[in-house]
Structure formats: C-alpha cells, structure tokens
Amino acid sequence: MTDMRRRAAAGLNVGDRFAISRSFSPTEIELFAQLSKDFNPVHYDQRYIDIKGLGSPIAHGLLTASLITEIGGQIGWLASSMAFRFRRPVYANELLYCEWLICSIDQRGRARAEVFVKNPKGDIVLEAETTGIIPNEPERARLQELIG
C-alpha cells in the first residue's frame, strides 16, 4: 500500500502503472455472498457447478473486480464509472495479477485507466475501464500525511 500511496501523493501521471496480486479463499467468497446477497449456485453448490461444467466453485465477478477498487483506494482515485468484461471464471485460491494503466488525465484531474486481471496461466479473466478524479494538491498532501 505505501508505495502506491507514495506515488499518488507525488502526483499521478499518464503512463503510471500499478499492480497487485492476490487470491480469494472459499471463506472470502462465502463472506462476499453474504455481504452482496449474490447466492448464485455457481459460487457454492457442487451439483449445479458440475451441471454448468465449471469443475469447482467460482468467485463472484464483483469480488474479482474488487482488485480494481483496491488499487483505486490506495491511490485516492474517486471513481465515476467502471465497465467490466468478465472473460473467464476465477476459482478459489487462484492467484490473480491485476495491473492498472492510467491512459489519460485532463486539466481538471479527470482520468481514465485500463485494467487487466490475469490468472496464473496469463489468461485475462477480467478487463475493465475506469474513469475517475485523481487527487488534487491538497488531497495529495493529506495522502502524504497518512503515509506518516
């Protein structure tokens, strides 16, 4: 977190990249179902999963997309839109790699980023575009204070 926040405090620029890796445990998938009320059986019912041909339970798409908000939160990005393309299922304990690329920033601090989430095979499981507002000078100063 500190490196991303430090970079945001210094000022975000076109071409900046941010990356994280993580997986979601079966418990986290279950907790997300409780929180979101998304009880699609592809997330927990093995018989249904077998009928669907998935092999094992899959993570919720929006849980996978939380990798995007994890980075956005660390850099102080105030999202105004997000568009997702879910390309492949994500399985419990599957290590994911998420990379942001800031593609544009206008004079008012409105920005656009492209995001790709890949599985261990390098397959894209989620591609996204997000727009938002990057931290202005007083906000960057506060980010620096939060770093300590």
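Visitor: What makes the 5 strands one open sheet?

Guide: The 5 strands, which are DSSP runs of E of at least two residues numbered from the N terminus, form an open sheet in the order 1-3-4-5-2 with antiparallel pairing. Two strands pair if DSSP finds at least two bridges between them. Strand 1 and strand 2 (78-86) are the edge strands, as each pairs on one side only. This is a predicted model, where local features need pLDDT of at least 70, side-chain atom pairs count only at pLDDT 80 or more, and totals for chains, interfaces and linings use all residues. Residues are numbered from 1 along each chain as its sequence is written, and side-chain values use heavy atoms, leaving out hydrogens and water.

Visitor: How do you know that strand 3 pairs with strand 4?

Guide: Strand 3 and strand 4 run antiparallel and are joined by 8 bridges, where at least two are needed, so they count as paired. Isoleucine 105 stands opposite alanine 111 in strand 4.

Visitor: Why is aspartate 50 called partly exposed?

Guide: Its relative accessibility is 46%. Buried means under 20% relative accessible area and exposed over 50%, with partly exposed in between (1.4 Å probe, protein chains only), so aspartate 50 counts as partly exposed. Aspartate 50 is found in helix 3 (residues 46-52); helices are DSSP runs of H or I of at least four residues.

Visitor: What makes a set of residues a nonpolar core?

Guide: Its members are buried Ala, Val, Leu, Ile, Met, Phe, Trp, Tyr and Cys residues joined through side-chain atoms within 4.5 Å. The largest such core here has 31 residues; Phe18, Ile75, Trp77, Cys98 and Trp100 have the most contacts inside it. Helix 4 gives the most to this core, with 6 residues.
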